[in-house]
Amino acid sequence: MNVSRRGWLKLAAGGTAGLALAELGLGPSEARAATKGLKLEGAKEFTTACNFCSCGCGMVAHVKDGQLVNLEGDPDHVINFGALCSKGAAMKATHDSPQRVRAPRYRAPGSDRWVEISWDEAYEKLAAKLKAVREATWTATEKDQDKDGKEVEYPVNRTDAIGLLGGAQHTNEECYVFNKMGRLFGTSFVEHQARL
Ligand code: SF4
């Protein structure tokens with residue numbers, strides 16, 4: 001599509017780019033393509049992944065003045081080559097939604113409501129709970145029989161009360177660290193959402 005210099009000046013002066021393009025006699029799809037360029041001007045580009053399902057389709061995000069202004073399929077991503085299903089294509093709406101939960105929430109035992117807490121408070125609570133569960137369920141040794149039928153006791157150092165569940169959006173490096181964290185906690189229950 002070619003837009004003359006005069007046309008671009010008209011766009012700038014008019015303020016409403018779509019309207020001005022329509023006035024120039026361009027169709028809705030051409031107007032959309034042209035205004036998209038203006039919207040992304042000066043925006044920083046990041047790659048990310050759709051967080052809706054285990055396919056983990058690649059996306060390109062554009063951020064301007066700290067605000068997400070565009071989200072679309074990543075044409076270079078090996079899983080989706082730029083395509084998104086209807087859920088992924090509508091993901092920006094969830095980002096913009098006033099109903100989006102933006103801070104941790106806590107419901108105290110016996111309470112019927114959730115209250116917003118700070119991230120520091122949430123981390124404190126999680127760490128304390130994990131430590132308490134780990135200590136209460138720690139198995140240091142197990143007994144078994146050796147090949148001669150003699151009872152033997154050997155170290156296992158684990159808890160069966162903690163499990164970790166990863167997601168399709170985790171990179172290989174994150175999964176590696178995730179597994180390390182599981183071993184530090186003393187659990188071998190490390191699972192991945194995409195296997196369910
Ligand atoms: S775009 Fe659709 S298929 Fe791809 S990850 Fe998102 S929800 Fe799954």
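Two strands count as paired where DSSP finds at least two bridges between them. With that criterion in mind, the tour can begin at a hairpin of this predicted model.

**The β6-β7 hairpin**

Select residues 138-145, strand β6, together with residues 151-159, strand β7. The two strands run antiparallel and are joined by seven bridges. Within this pairing, Glu142 stands opposite Tyr154 of β7. Next, colour β6 by burial: of its eight residues, the number that are buried is zero, and the strand is hardly covered.

Five residues lie between the strands of the hairpin. Among the residues of this hairpin, Gly149 adopts a positive phi near 85°. Continue into β7 and select Asn157, which belongs to that strand. Asn157 also has a positive phi, of about 45°, although it is not a glycine. Most residues other than glycine have a negative phi. Is Asn157 buried or exposed? Asn157 counts as exposed because it has 9 C-beta neighbours inside 10 Å, and the limit for that class is 12 or fewer.

**The whole chain**

Zoom out to the full protein of 196 residues, of which buried residues make up 10%. The protein has seven helices and nine strands. Of the contacts between residues at least 6 apart in sequence, 34% join residues at least 24 apart.

**The three-stranded sheet**

Now select β1 (44-49), β2 (residues 58-64) and β3 (67-73). These three strands form an open sheet in the order β1-β2-β3, with antiparallel pairing. Strands β1 and β3 stand at the edges; each has a single partner strand, so one side of each is left without a neighbour in the sheet. From one strand to the next, the twist averages 30°.

For a closer view of one pairing, display β1 and β2, which are antiparallel and joined by six bridges. Glu45 can be found opposite His62 in β2.

**The nonpolar core**

Select Ala49, Cys50, Cys57, Met59, Leu71, Leu84 and Met91. These seven residues form the largest nonpolar core. In soluble globular proteins, nonpolar side chains tend to be buried together.

Centre the view on Cys50. What is Cys50 in contact with, leaving aside its neighbours within four places in sequence? Its contacts are Gly56, Cys57, Met59, Leu84, Gly88 and Met91.

**The ligand shell**

Keep Cys50 selected and display the ligand, since Cys50 is also one of the residues surrounding it. The others are Phe52, Cys53, Cys55, Gly56, Cys57, Asn80, Leu84, Cys85, Lys87 and Gly88. How do the residues of the shell divide by character? Seven are nonpolar, three are polar and one is charged.

**Phe81 in its loop**

Move to Phe81, in the loop between β3 and α4 (86-89). Phe81 is not a glycine, yet it has a positive phi of about 45°. Phe81 is classed as exposed because 12 other C-beta atoms lie within 10 Å.

**Leu130 on helix α6**

Finish at helix α6, residues 119-136, and select Leu130 within it. Leu130 counts as partly exposed because it has 14 C-beta neighbours inside 10 Å; a residue is buried only from 20 or more. Add Ile162 to the selection: Leu130 and Ile162 are 32 residues apart along the chain, and their C-alpha atoms are separated by 8.0 Å.

How values were computed
Residues numbered from 1 in each chain as written. Predicted model: local features only at pLDDT ≥ 70, side-chain atom pairs only at ≥ 80, totals over all residues. Helix = DSSP H or I, 4+ residues; strand = E, 2+ residues; numbered from the N terminus. Near = placed C-beta within 6 Å. Nonpolar A, V, L, I, M, F, W, Y, C, P; charged D, E, K, R; others polar. Core = buried A, V, L, I, M, F, W, Y, C linked by C-beta atoms within 7 Å. Contact = placed C-beta atoms within 7 Å. Axes fitted to C-alpha atoms, helices over the stretch in contact; angles between N-to-C directions.
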